[in-house]
Amino acid sequence: MSERSWRILTLVSAAKIGAFAATSAAPVYAVPVCVMIPEVRLEDYTYELPAERIAQFPLPERDQCRLLVARRRERSIEHRRFFELPQILPSGSLLVRNITRVVFARLFLRKPTGGAVELLLLQPSQMDPERGLSTTPPVQWQCLLRGHRVRPGVRLYAATGEVLLEARLLEYSAGSATVEFAWEPKHLLLAEVLERLGQVPLPPYLRRGATEQDREHYQTVYARIPGSVAAPTAGLHFTDRLLEELQHAGVRIADVCLHVGLDTFKPLRAKHLAEHRMHSEYISVSAAALQQLLEFLRHPGGGWLVAVGTTSVRTLESLYWHGVRLLRGDSRTWDSPSIAIQQWEPYEADAEVAPEDALSAVLEWMRHHGNTTAEGTTELMIVPGYIFRLCDAIITNFHQPQSTLLLLVGAFLGRTFWRQVYQEALRRGYRFLSYGDASLLVGQRGEVVE
């Protein structure tokens, strides 16, 4: 362990674990009483972001955005264009992208009295997002609700063409609601209903309503599995043509899935990092993708393992920690058919497990359960002090001050170099956040970064 200062956090008592296990349908694992969390001054991960630097609209052509290339070892910065990626990434690199699809999860409904109510679907009750969207009525979802004089029992309605949607409010408290949806025609899946009635859930810093253009541009060209309420924005810059050029240049592609939750926009408001509660997000990775990762780790050939976006980073690193837990002989992990990575799990102790050994353990666990896909949830929070096990480089946009995404960038680039990169991006007029420009951050997995 380095000489960096650490904070000891008492996570939860054994009694609380038992109480949670008695009321939760999710897998519950033994939780250590204490973990060592890096001591991070949150004020060191903020900067002044002028409102005019937040891109409000996408560029007409996705891959024409600017690309800042920051190399951690050399502490160098260069300015390129995104379409130049095939000339920048070494042949033999493996590009890992998130194939989640954004759901048109914002609904505007009416009360019987005519009053307007807005719902934002977050996640289904007691099932994963993919199953919650591919179901017929009725189905319950956790939602954010905006409206006046609403209380449990009220029925809300929306309609277009032959589709009629009814939303019955089951529980409501402080803007959060449990809602049961039913609709006609009943043979339609919820995803199909949302395609017709819903709107794109643009992030709050895009100070405008969603347009028809957003239905296309706030979605990656390779999006396949519905379930996100926010886009994995680093992937928005890719075009089909660019992906073909990358493959012709010897860059392989592996697909993972993490369904992005609304909390991706939540700023760090806690006084101490240990007090921040990370949201849980659903992940799934096929056995074929794991085999691709293993093949690369065993025979990298000078290429980089490149994660497209922070969501792909967290998925990859979560797979590693699931493998570590399996290799530690955790019987509950082995017996459970699903992944459940907790927020501070990597900070329990230094792990000396090789990435290829961890992923091999995950594949063996999948075979034991007869699964072709590793599925589950992750709350993994990556902060300065974290050692990246599966990422040599990250493609990502420029993130909000004091956000968990910026902490991840700080963990990868180092405590001072991240600020140099962001200052240079601001000075050079880069566009920030979801529809903004991109960066390619280059390091090397396994290195301790200060």
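# Questions about this structure

User: Leaving aside neighbours within four places in sequence, which residues is Gly 209 in contact with?
Analyst: Contact here means heavy atoms within 4.5 Å. Gly 209 lies in the loop between H4 and H5; helices (H or I, at least four residues) and strands (E, at least two) are DSSP runs, numbered from the N terminus. Skip the neighbours within four places, and its contacts are Leu 202 and Asp 214.

User: What kind of model is this?
Analyst: Residues are numbered from 1 along each chain as its sequence is written, and side-chain values use heavy atoms, with hydrogens and water left out. Local features need pLDDT of at least 70, side-chain atom pairs count only at pLDDT 80 or more, and totals for chains, interfaces and linings use all residues: this is a predicted model.

User: Is Gly 209 buried or exposed?
Analyst: Buried means under 20% relative accessible area, exposed over 50%, and partly exposed in between (1.4 Å probe, protein chains only). Gly 209 has a relative accessible area of 51%, so it counts as exposed.

User: Which residue's backbone oxygen does the Arg 208 side chain reach?
Analyst: Arg 208 sits in the loop between helix H4 (190–197) and helix H5 (212–217). Not counting residues up to four places away in sequence, it touches several others, including Phe 57, Pro 58 and Tyr 435. At 2.7 Å, its side chain reaches the backbone oxygen of Gln 56.

User: How far apart in space are Leu 144 and Leu 262, C-alpha to C-alpha?
Analyst: Leu 144 lies in strand S9 (residues 139–146) and is partly exposed, at 31% relative accessible area. Leu 262 is among its contacts beyond four places in sequence. The two are 118 residues apart in sequence, but C-alpha to C-alpha they are apart by 9.8 Å.

User: Why is one side of S4 and of S17 left without a neighbour in the sheet?
Analyst: Strands pair if DSSP finds at least two bridges between them. The open sheet has ten strands with mixed pairing, in the order S4-S3-S20-S19-S16-S5-S14-S15-S18-S17. S4 (76–81) and S17 (339–341) stand at its edges, and one side of each is free because each has a single partner strand.

User: Which residue stands opposite Ala 70 in S20?
Analyst: Strand S3 (residues 66–71) and strand S20 (residues 438–442) pair in the parallel sense over five bridges. Opposite Ala 70, in S20, stands Leu 441.

User: At roughly what angle do H8 and H10 cross?
Analyst: Axes are lines fitted to C-alpha atoms, for helices over the stretch in contact, and angles run from 0 to 180 degrees between N-to-C directions. The axes of H8 (residues 309–327) and H10 (residues 355–369) come within 8 Å and cross at roughly 75°. That makes the two helices roughly perpendicular, a label for 65 to 115 degrees (under 35 is roughly parallel, over 145 roughly antiparallel, the rest oblique). So what you get from the axes themselves is roughly 75°.

User: How many residues of H11 are buried?
Analyst: H11 covers residues 404–413, and its axis comes within 8 Å of that of H12 (residues 417–427). What covers its buried residues includes H8, strand S19 (393–397), H12 and S20. H11 is largely enclosed by the rest of the structure, because the buried count is ten of the ten.

How values were computed. Polar contact = N/O pair within 3.5 Å; in protein donor to acceptor, adjacent residues only side chain to side chain.
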